[in-house]
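Got your viewer open and a selection box ready? Let's take a walk through this one, stop by stop.

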Amino acid sequence: MKSTTLLFVACLLGMQSVFAGGLLTNANQSAQYIRMLSRNASTDLDAVYFNPAGVMEMQNGFHFGFHSQTLYQTRTITTTAPLNNQEFIGELEVPVFPSAFAVYKKDKLAFSLGFGPNAGGGSVVFDEGIPSFEGRIAQMATGYGMLADVFSAASGGQIPGVTGYDSDIAFEGQSVFWGFQLGMSTKVNEMVSVYGGVRVLPSVNTYSGTIANIQAITAAGAMPASQYQGMVKPVLDGLIGTLNTTQNNLKTAIGVGALDGDAAIEDPQLLQVLGMLGSDASTYGEAVGVLEATEGQLAQLNNSNLLDQELDTKQKGTGFTPIFGVNISPNDRLNIGAKYEFQTVLKLTNETKVDDTGLFPDKAETRTDIPAILMVGLDYKLTSKLSSSVSFNNYFDKGVNWGRTMSGDERVIEDNLWEVSLGVQYDFSDRFALSAGAMQSTTGVSEQYQSDFSYSNSSNSFAAGLQWKATKQLTLDAGVLYTTYTDEDKAFPTYTETYDKENIAIAIGLQYSLFK
């Protein structure tokens, strides 16, 4: 299959998390996270996202910072299906993945602002397409190929048999949900602080592309598939009509008792038709089922859209996420943070210019809710120079409707996705520190949920980086993060697909403080 580029062919693919986090949520919101992974008890500036009540442990004054990440991801899909390609590799590159934070803290009160791409934020390029798109074209070729003898006999040998296929596919999609977070923190007492806030999520998905030059490869050479479809349509129309009449006659005969549905077939003409279809049905009841199924398959083949197709659409919507947090500091060595984000109700509306696929009707609405999240963390200073951190995240995926599979069934979530991470930091001096971290993420989706356009894998991540306090007011953080994923398999009736990913992230962040 001679495909050009395929980028995010289905809406759910575009809305997957780009990197770390849940099915939709991007948790990689700071350079400190990239160098350490465990930040849920942070009392630094990135606490605005990870532990917003923890900003009360900062010094009085203005604090603001900017972070940028460069992300690389490889998605690999392999299949045992009889396609021209058995491996499909998607490359994602996000040169700039920005986030920013600001805090004003005065004694027992603090106001904070946060910004970052909370979901989406990148584009994946599949140079060879994905299995489901090639599979649709392959089914066309297989269907016509199986009927080669029928077409030849009906046309006196003028219609050649189909032996393969070819096409050009070009799709582009981008998805980003920007998060603007505003909130207030306050001290309840010397140990306890609380936070309340909201995140506004203006969200946009864009999709454009074409399916063009679909070719039927025949013994006589290649020709446009739509041309071949026109040649065989009269033959298929006649065959569909014959199947319809035959199955209706059988149903009527069985219904009035003229035939026993469990009786062995004795009609030579019926046996001939079944043989032509490659069926081994032996009873009249089985024959009805075969004829009915075959008629539907032929009708689908006869009505397949094999012309060039174009798509140009945009989806827009805005969601709101209430957020509450608490921070507990029993002493100078221990800090505990917790945050709960409520489920984000998000409805996207199509603004469609062209849609030959029929997937994105203009003005149609799609629910794309983001799951609620519970984040809990603990920081503990083992010595004056060595500190440790543990974090736990639970994404309440089971409470969200994740849409439907290609067959129309609701996608199944068996358990919530959860993550546990450990980070350590060693301060070589008052100005310089090194850190490292590890995280294990366990997905809760079922095998039925997985598909080549949207899949979730359990993973292990490893991080390392540094912090440099250039002055009392200016701090630089830098880190690198690598994630490896567990292969996930999905069994189909006649073949198996395997889904894999791996990620690399490089981040740098600057923080500046004006003390009062």
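Before the first stop, one term: a cavity is a set of grid points where a 1.4 Å probe fits but cannot get out. Keep in mind, too, that this is a predicted model.

**Stop 1: a closed space**

The structure holds 3 cavities of 30 Å³ or more. Go to the second largest cavity, with a volume of about 70 Å³. To see its walls, select Thr 25, Asn 118, Arg 199, Leu 201, Thr 321, Glu 341, Phe 342, Thr 344, Ile 370, Pro 371 and Ile 373. Colour that lining by class and you get 5 nonpolar, 4 polar and 2 charged residues. Keep Arg 199, Glu 341 and Phe 342 from this lining selected; they come back at later stops.

**Stop 2: charges beside the cavity**

Starting from Glu 341, add Lys 339: the two side chains meet in a salt bridge, 2.7 Å from N to O. Are these two residues buried or exposed? Both Lys 339 and Glu 341 are buried. Now bring Arg 199 back into view, since Arg 199, Lys 339 and Glu 341 are linked in a network of salt bridges. Two members of that network, Arg 199 and Glu 341, are the ones you met in the cavity lining.

Stay on Lys 339 a moment and show Tyr 49. Lys 339 lies over the face of Tyr 49, at 4.0 Å from the ring centre.

**Stop 3: rings that meet at an edge**

Next, take Phe 342 from the cavity lining and show Tyr 340 with it. The ring centres are 4.9 Å apart and the planes stand at 90 degrees, so this pair is edge-to-face. Tyr 340 counts as partly exposed because its relative accessibility, 29%, falls between the 20% and 50% cut-offs. Phe 342, with a relative accessible area of 35%, is also partly exposed. Widen the selection to Phe 324 and Phe 396: ring pairs link Phe 324, Tyr 340, Phe 342 and Phe 396 into a cluster.

**Stop 4: rings that stack**

Across the structure there are 17 aromatic pairs. For another one, pick Tyr 33 and Phe 50. Their ring centres are 5.6 Å apart and their planes are at 5 degrees, so the pair is stacked. Which elements does this pair join? Tyr 33 belongs to helix H2 (residues 31-36) and Phe 50 to helix H3 (residues 47-50), 17 residues apart, so to speak a link between distant parts of the chain. Switch on a surface and both should vanish from view: Tyr 33 is buried at 2% relative accessible area, and Phe 50 is buried at 1%.

**Stop 5: more salt bridges**

A search of the whole structure finds 9 salt bridges. Select Arg 39 and Asp 46 for one of them, with N and O 2.9 Å apart. Arg 39 is buried, with a relative accessible area of 9%, and Asp 46 counts as buried at 0%.

Then jump to Lys 347 and Glu 365, where the closest N and O atoms of the salt bridge are 3.7 Å apart. This bridge links distant parts of the chain, with Lys 347 in strand S11 (residues 347-355) and Glu 365 in strand S12 (residues 365-367), 18 residues apart. Lys 347 is partly exposed at 43% relative accessible area. Glu 365 counts as exposed because its 52% relative accessibility is over the 50% cut-off.

**Stop 6: an open pocket**

Now find the second largest pocket, which holds about 1300 Å³ of space. Of the 43 residues that line the pocket, start with the closest to its centre: Thr 43, Asp 44, Lys 381, Gln 467 and Lys 469. Elements that give two or more residues to the lining include H2, strand S10 (334-341), strand S13 (373-381) and strand S17 (459-469). Which element gives the largest share? Strand S14 does, with 4 residues. Colour this lining by class and you have 9 nonpolar, 20 polar and 14 charged residues.

**Last stops**

Show Lys 501 and Tyr 485: the charged end of Lys 501 sits over the ring of Tyr 485, 4.8 Å from its centre.

Finish at Val 194 in strand S7 (residues 192-218), partly exposed at 31% relative accessibility. Draw a line from Val 194 to Val 345, C-alpha to C-alpha: they are 24 Å apart in space and 151 residues apart in sequence.

Note on methods: Residues are numbered from 1 along each chain as its sequence is written. This is a predicted model: local features need pLDDT of at least 70, side-chain atom pairs count only at pLDDT 80 or more; totals for chains, interfaces and linings use all residues. Side-chain values use heavy atoms; hydrogens and water are left out. On a 1 Å grid over the protein atoms alone, a cavity is a set of points where a 1.4 Å probe fits but cannot get out, and a pocket is an open set with protein on both sides within 12 Å along at least five of seven lines; lining residues have an atom within 4 Å of a point. Grid points are joined across faces, edges and corners, and a volume is the space filled by probe spheres set on the points. Ala, Val, Leu, Ile, Met, Phe, Trp, Tyr, Cys and Pro count as nonpolar, Asp, Glu, Lys and Arg as charged, and the others, Gly among them, as polar. Rings of Phe, Tyr and Trp (its six-membered ring) pair if their centres lie within 6.5 Å; planes under 30 degrees apart count as stacked, over 60 as edge-to-face and the rest as tilted. Buried means under 20% relative accessible area, exposed over 50%, partly exposed in between (1.4 Å probe, protein chains only). A charge sits over a ring if NZ of Lys or CZ of Arg is within 6 Å of the ring centre and within 35 degrees of the ring normal. A salt bridge is a side-chain nitrogen of Lys or Arg within 4 Å of a carboxyl oxygen of Asp or Glu.
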